[in-house]
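Student: Please take a close look at a single part of this structure, the open sheet and what packs on it.

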Amino acid sequence: MRLVVDLNKCQGYAQCAFLAPDVFAMHGEESLVYNPRAEEEQRERLARAVAACPVQAITADGLDGVGAAPSQPAGESSDGS
Amino acid sequence: MAADYLDRLRREGRIVIVGASLAGLRAAETLRDEGFAGSLTLIGDEPYEPYDRPPLSKAVLLGKADPRHTELPRRREIDAKWRLGVPATALDMTAKRVRLADGDEVEYDRLLIATGVRARPWPKEPEAQLDGVFVLRTRDDAVGLHRRMKAGPRRVFVIGAGFTGSEIASACRDQGIPVTVAERAGAPLAGALGGVIGAVAADMHRENGVDLRTGVMVTALEGDTVGRVRAVHLSDGSVVEADVVVVSLGATRNTEWLTGSGLGAGPRGIACDAGCRAFDFRGIVTDDIFVAGDVARSPHALFGYQFLSLEHWGNAIAQAETAAHNMISPSSDRRPHLWVPAFWSSQFGVNIKSVGVPPMGEELMITQGSLAERRFVGVYGYQGRIIAAVSFDNTRWLEFYERMIETGAPFPVEFPTVDRRPEGRTPVSADFPDPSLPTHGPTVTLSGYSPADRQLVFTPARH
Ligand SMILES: Cc1cc2nc3c(=O)[nH]c(=O)nc-3n(C[C@H](O)[C@H](O)[C@H](O)COP(=O)(O)OP(=O)(O)OC[C@H]3O[C@@H](n4cnc5c(N)ncnc54)[C@H](O)[C@@H]3O)c2cc1C
Ligand code: SF4
C-alpha cells in the first residue's frame, strides 16, 4: 500500500507511530519518517493511524473510501485522442 | 454560448497534462472529482508513475524507504491515458497540439503544464560525467546515490548547503559516513532563511560531525585514470578527497520545450495569473493553457503581488487543484491560488518548517524558545508586518503565525507569548545574502516587479 504524509500539516503528535510503529517512526523530537510503501499486513494498523491522525495528514491508497489504486499505468497505453 | 462550450468541454472535451508528477496527478484527480468526463492524457518524460520526491533525500537516504517505492497514493481513479517515458517537445498554441519526442501529437481543448524543475548539474560537463558525481531530483538519482551510500564511501562531498544538500549531509552522518559540505554563502540555508537562522544550521552541521566549509566555492572536480571522482578543489586552495560528490545547486525550470511556442515561458518559469492561466509572451493571458507546481510563477496578494515561484510540495498540490477547478469552470466560478507558502525539512533529527516568504523578511524576532536550544520560532518582519515564520522543533506554533501573516499582523511582534526569552524582544536583521547574488536553492524566488520600486521607465513608442 502506498502512502504519503503531508508534513506541512503533520504536528508530530506521533499518534501514527504509536498505532503503526512498523510504518511510522519519530526521528528526533518532532520529525516523522515513514515508509511510503507499507506491507499489506499493515493495512489494519495503517487504517487506524489514518483515522487517528488529528490533522488528517496521512493519505493512503484505498483507505479513504475513494477506491483502490488503478492497475499499473507504466509504459504507455494510448491511441492518441 | 460560453456555457454550452463549457458543458461540452466537461462532457467530452480533451484535457492534456504535461508533467506526470505531484501536480499533474493531483490535477487529474481534481478534474475527475469535479465531474470532468472527457478524455484525460498525462504525459511524463520519466518512465515511472507519479512518485513522491521529499522522501528521496530523507527516508530513502536514512535507509527507511526504498527509492523505487515512493509512488504517490491515489485519491481516486482517474481513468487517464498515460504516456510515460516520453517527453513533450513542442507546443502549437494555434492548432492546440502538443508534440511528443516519439513524433506523436496530442490535441487538447485545455492544457495543463506541470513540468516542474530539474536539478542544476555541475556546470563543467566532463567533470559532471565522472563516476560518483550525483544530483538528487529523480527516483533514478536516488537509486544511484543510495547504492553508493550503502557501499560505504570513504567520504561524501556535498556542494551547496540548501535544504536538499543539508538533508543529504545529515543522512550521511546518521550512517557514520564522513561528509564535507561546501557553501558559497556564510552559512547553510542562508538563502532560504537568512544568516541568523543559518548560523544555527551551521552549528547543527558541525556538532553532528560534518566538515562544513562556508564562504568557499568548489572550483573543480578531479577524476582518477578510470573516470571516477577522487577529489574536490576549493577556491581557498584546499583539496578534499571524496569518492562521492553530490551537486546540490538548486534547480532549473523545465520550460525549454516551450521555446518558440509563443507562451510566456523562460528560465524563471511560466508566468500565470492568480487563476493559474498562463501568459503568452506578449503578457496576454491565455484561456486554455494553465500551469501549476514548481514550474509556475504567480502573483500573490499577500506578498505585494510579487510573482512567486515556489519549490514547495504543498504548493504543487494546492495550485494543481485550483488550476484543475478553473480549467472546467466558468469565469465567475474561478478561484485564485492564494496558498500561504509552507515548507518543511528534516535534518540532524530536527524538524524545520516555515510559513510565508522568509526571504522577503528584513528583520527577525525569536518569539518562542531560543536559538541556542535549537527549539524556537523565528518571525520575519517586512515593512511593519509579519511576513513569515520559521520553526525548529516547534511546529505547533506555525498555524498561529500563518493566521498572523494572512491578516497582516504588525511587526515587531508585541504580544507576550509563552516561552518568550529576552533575546526575542527586539528585532535583529534577518541577514539575507545580497539578493542579486544567486544562492543555492532558495525554494522561494521573488521575481515580480514590486510596485514599490521605481526602476522601470516606460518609454512609449513614437509613431
Ligand atoms: C530531494 C527532494 C526533496 C524535497 N523535499 C521537500 C520538502 O521537504 N518539502 C517540500 O515542501 N518540498 C520538497 N521538495 C519539493 C517537491 O518535491 C516539489 O515541490 C514537487 O515535486 C513539485 O511537483 P511538480 O509536480 O510541480 O514538479 P516535479 O515533481 O518536478 O514534476 C515535474 C515532472 O514533469 C516531468 N517533465 C519535465 N519536462 C517534461 C516534458 N517536456 N515532457 C514531459 N514531462 C516532463 C519531470 O520529469 C517530472 O517528472 C523536494 C524535492 C526534492 C527533489
Ligand atoms: S498522527 Fe498525523 S500529525 Fe501525528 S505524527 Fe502522525 S502524521 Fe503527524
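Tutor: What follows describes the sheet, its helices and the nonpolar cores.
This is a predicted model, in which local features need pLDDT of at least 70, side-chain atom pairs count only at pLDDT 80 or more, and totals for chains, interfaces and linings use all residues. Residues are numbered from 1 along each chain as its sequence is written, chains are lettered from A in the order in which they are written, and side-chain values use heavy atoms, without hydrogens and water.

The open sheet has six strands of chain B in the order 3-2-1-7-21-20, with mixed pairing; strands are DSSP runs of E, at least two residues, and helices runs of H or I, at least four, numbered from the N terminus, and two strands pair if DSSP finds at least two bridges between them. Strand 3 (81-84) and strand 20 (277-279) of chain B form the edges, each pairing on one side only. On average, neighbouring strands are turned by 30° against each other, direction ignored; axes are lines fitted to C-alpha atoms, for helices over the stretch in contact, and angles run from 0 to 180 degrees between N-to-C directions.

Within the sheet, strand 1 (residues 14-18) and strand 7 (residues 110-113) of chain B pair in the parallel sense over four bridges. Val18(B) has Ile113(B) as its bridge partner in strand 7 of chain B. Helix 2 (residues 22-33) of chain B packs on the sheet and touches strands 1, 2 (39-44), 3 and 7 of chain B, where contact means heavy atoms within 4.5 Å. The direction of helix 2 makes about 175° with that of strand 2 of chain B. Helix 8 (residues 313-327) of chain B also packs on the sheet, touching strands 1, 7 and 21 (285-291) of chain B, and its direction makes about 140° with that of strand 21 of chain B.
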